[in-house]
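Q: I should like to learn how to read a structural model of a protein. Where should one begin?

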Amino acid sequence: MIILHPLPRVDEIAIEVDDDPRACYFKQAEYGMYGRMALITLLLRKEGSFLFKTPDPIIKSGTVCKNERCITNDPQQFYLPRNTYSKGGKTYCDYCDGEIIENK
């Protein structure tokens, strides 16, 4: 049997249960976050949306956003792909629209 919980827990589950291999609520929360990210992306990319961008972003590896406050520069958000798009001969971060530089 696995243990699921929508989190945050408020005295429903003892902290000692976290070490039990059947406790899957942290995975549940992580997968829920990915699901919400995907749904939000689909909604914002829908044609006619006020945030719809053309062309679609191109994934480039080794790019660094110059914006220090960009979510891609947060070490806890390491799983985010480095999505970029080109406009006017320059490359921009798809998350914050900041100009990016290539890692050499």
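**Reading the model step by step**

A: One begins with the order of the elements, which from the N terminus on is α-β-β-β-β-β. This amounts to 1 helix and 5 strands. The model is a predicted one, and its confidence deserves attention before any detail.

Q: What is the mean pLDDT of the protein, and where is confidence lowest and highest?

A: Where pLDDT is low, the predicted coordinates should not be read in detail. In this protein the mean pLDDT is 81, and 81% of the residues reach 70 or more. Confidence is lowest in strand β1 (residues 58-59), with a mean of 60, and highest in helix α1 (residues 25-45), at 88.

Q: Which residue may serve as an example in helix α1?

A: Gly-32 is found in that helix. Gly-32 is partly exposed, because its relative accessible area is 22%, and the buried class requires under 20%. The C-alpha atom of Gly-32 is separated by 9.3 Å from that of Pro-6, although the two residues are 26 apart along the chain. As for the protein as a whole, 19% of its 104 residues are buried.

Q: How do β3 and β4 run, and how many bridges join them?

A: Strands β3 and β4 (residues 90-93) run antiparallel, and 4 bridges join them. Two of the partnerships can be named: Lys-87 has Lys-90 in β4 as its bridge partner, and Thr-84 stands opposite Cys-93 in β4. The hairpin that β3 and β4 form has 2 residues between the strands, and in this hairpin Gly-88 takes a positive phi near 65°.

Q: How many cavities of 30 Å³ or more does the structure hold, and what is the volume of the largest cavity?

A: Rolling a probe the size of a water molecule over the atoms shows where empty space is left. Here the structure holds 1 cavity of 30 Å³ or more. The volume of the largest cavity is about 50 Å³.

Q: Which residues line the largest cavity, and which strand gives the most to the lining?

A: The lining consists of Thr-63, Val-64, Cys-65, Thr-72, Arg-82, Asn-83, Thr-84, Cys-93 and Ile-100. Strands β2 (63-65) and β3 (83-87) each supply at least two residues of this lining, and β2 gives the most, with 3 residues. By character, the lining residues divide into 4 nonpolar, 4 polar and 1 charged.

Q: Two cysteines, Cys-65 and Cys-93, appear in that lining. Are they buried or exposed?

A: Cys-65 is buried, because its relative accessible area is 6%. Cys-93 is likewise buried, with a relative accessible area of 3%.

Q: How many disulfides are counted, and why does Cys-65 or Cys-93 have no bond to its closest cysteine sulfur?

A: A disulfide is counted where two cysteine sulfur atoms lie within 2.5 Å, and the count comes to 0 disulfides. For Cys-65, the closest cysteine sulfur is that of Cys-96, and no bond is assigned because the separation of 3.3 Å is too far. For Cys-93, the closest cysteine sulfur belongs to Cys-70, and the distance of 3.6 Å is again too far for a bond.

How values were computed
Residues are numbered from 1 along each chain as its sequence is written. This is a predicted model: local features need pLDDT of at least 70, side-chain atom pairs count only at pLDDT 80 or more; totals for chains, interfaces and linings use all residues. Side-chain values use heavy atoms; hydrogens and water are left out. On a 1 Å grid over the protein atoms alone, a cavity is a set of points where a 1.4 Å probe fits but cannot get out, and a pocket is an open set with protein on both sides within 12 Å along at least five of seven lines; lining residues have an atom within 4 Å of a point. Grid points are joined across faces, edges and corners, and a volume is the space filled by probe spheres set on the points. Ala, Val, Leu, Ile, Met, Phe, Trp, Tyr, Cys and Pro count as nonpolar, Asp, Glu, Lys and Arg as charged, and the others, Gly among them, as polar. pLDDT is the predictor's confidence in each residue, from 0 to 100. Two strands pair if DSSP finds at least two bridges between them. Buried means under 20% relative accessible area, exposed over 50%, partly exposed in between (1.4 Å probe, protein chains only).
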